[in-house]
Amino acid sequence: QVQLVESGGGLVQAGGSLRLSCAASRSIFSTNVMGWYRQAPGKQRELVAEITTTGRTNYADTVKGRFTISRDSAKITVYLQMNSLKPGDTAVYYCNAKNYWEVSWGQGTQVTVSS
């Protein structure tokens, strides 16, 4: 299992931007799909964005066009650039890594968007 540490969350006004970072404890991008998930109080955890081993990206319809997932292999870090934030984006955001054998999760970082 790989250790994942998220950072970059905070309080922003609607329409603002944040960039979340997820630092991994070892090189994993060649064998793991990396993703960002979020969970609001009373809601199920949902996939926000993911990037595959080949660099293919997928996004939830609710964030498409506003969020961008990327990675830096040298820094072993995955990013989630969030633009045009809405109050509905308020949630705890979790970094995720998965392969055929296991799934790893970060501790989560809070994102709050005020109206």
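A: Let's start with a rule for reading charges and rings: a charge sits over a ring if NZ of Lys or CZ of Arg is within 6 Å of the ring centre and within 35 degrees of the ring normal. Please keep in mind that the model here is predicted.

Q: Over which ring does the charged end of Arg45 sit, by that rule?

A: Over the ring of Trp105, at 4.6 Å from its centre. Arg45 also lies over the face of Tyr94, where the distance to the ring centre is 3.8 Å.

Q: Now to ring against ring. How many aromatic pairs does the structure hold?

A: There are three aromatic pairs. To name the geometry, look at the planes: over 60 degrees apart counts as edge-to-face. Take Tyr37 and Trp105: their ring planes stand at 65 degrees, with 5.0 Å between the centres, so this pair is edge-to-face.

Q: Where in the chain do Tyr37 and Trp105 lie?

A: Tyr37 belongs to strand S4 and Trp105 to strand S10 (residues 103–105). The two are 68 residues apart, so to speak a link between distant parts of the chain.

Q: Is Trp105 buried or partly exposed?

A: The cut-off settles this: buried means under 20% relative accessible area, exposed means over 50%, and partly exposed is in between. Trp105 has 36% relative accessibility and therefore counts as partly exposed. Tyr37, at 14%, is buried.

Q: And how do the rings of Tyr94 and Trp105 meet?

A: They are edge-to-face as well, because their planes are at 90 degrees, and the centres are 6.4 Å apart. Tyr94 is in strand S9 and Trp105 in strand S10, so this pair ties together parts 11 residues apart in sequence. Tyr94 is buried, with a relative accessible area of 14%. Put together, Tyr37, Tyr94 and Trp105 make one aromatic cluster.

Q: Let's turn to strands. How do the side chains of S1 point?

A: The general idea is that side chains in a regular strand alternate between the two faces of the sheet. In S1, Leu4 and Glu6 point to one face and are buried, whereas Val5 and Ser7 point to the other and are not. Strand S11 (residues 109–114) can be read in a similar way: Thr109, Val111 and Val113 make up its covered face, and Gln110, Thr112 and Ser114 its uncovered one.

Q: In what order do the strands of the four-stranded open sheet come?

A: The order is S1-S3-S8-S7, with antiparallel pairing. Strand S1 (4–7) and S7 are the edge strands, each pairing on one side only. From one strand to the next, the twist averages 15 degrees.

Q: How many bridges join S1 to S3?

A: Four bridges join these antiparallel strands. In S3, Ala24 is the bridge partner of Leu4, and Cys22 stands opposite Glu6.

Q: Which strands pair with S11?

A: Strand S2 (residues 10–13) runs parallel to S11, joined by four bridges, and Leu11 stands opposite Thr112 there. Strand S9 (residues 91–98) pairs with S11 in the antiparallel sense, over three bridges. One of the facing pairs is Val92 in front of Gln110.

Q: How many residues does the largest nonpolar core have?

A: This core has 29 residues, and those with the most contacts inside it are Leu4, Met34, Trp36, Leu80, Met82 and Tyr93. Among the elements that give it two or more residues are strand S3 (18–24), strand S4 (33–39), strand S8 (77–82), S9 and S11.

Q: Why does Asn96 count as buried?

A: Because its relative accessibility is 1%. Asn96 has its place in strand S9. Beyond its neighbours within four places in sequence, the contacts of Asn96 include Leu4, Met34, Tyr37 and Trp105.

Q: As a last case, where is Gly16, and what does it touch?

A: Gly16 is in the loop between S2 and S3. With a relative accessible area of 22%, it is partly exposed. Not counting residues up to four places away in sequence, Gly16 touches Met82, Asn83, Ser84 and Leu85. From Gly16 to Ser104, the C-alpha to C-alpha distance is 29 Å, and the two are 88 residues apart in sequence.

Notes:
Residues are numbered from 1 along each chain as its sequence is written. This is a predicted model: local features need pLDDT of at least 70, side-chain atom pairs count only at pLDDT 80 or more; totals for chains, interfaces and linings use all residues. Side-chain values use heavy atoms; hydrogens and water are left out. Buried means under 20% relative accessible area, exposed over 50%, partly exposed in between (1.4 Å probe, protein chains only). Two strands pair if DSSP finds at least two bridges between them. Contact means heavy atoms within 4.5 Å. A nonpolar core is a set of buried Ala, Val, Leu, Ile, Met, Phe, Trp, Tyr and Cys residues joined through side-chain atoms within 4.5 Å. Axes are lines fitted to C-alpha atoms, for helices over the stretch in contact, and angles run from 0 to 180 degrees between N-to-C directions. Rings of Phe, Tyr and Trp (its six-membered ring) pair if their centres lie within 6.5 Å; planes under 30 degrees apart count as stacked, over 60 as edge-to-face and the rest as tilted.
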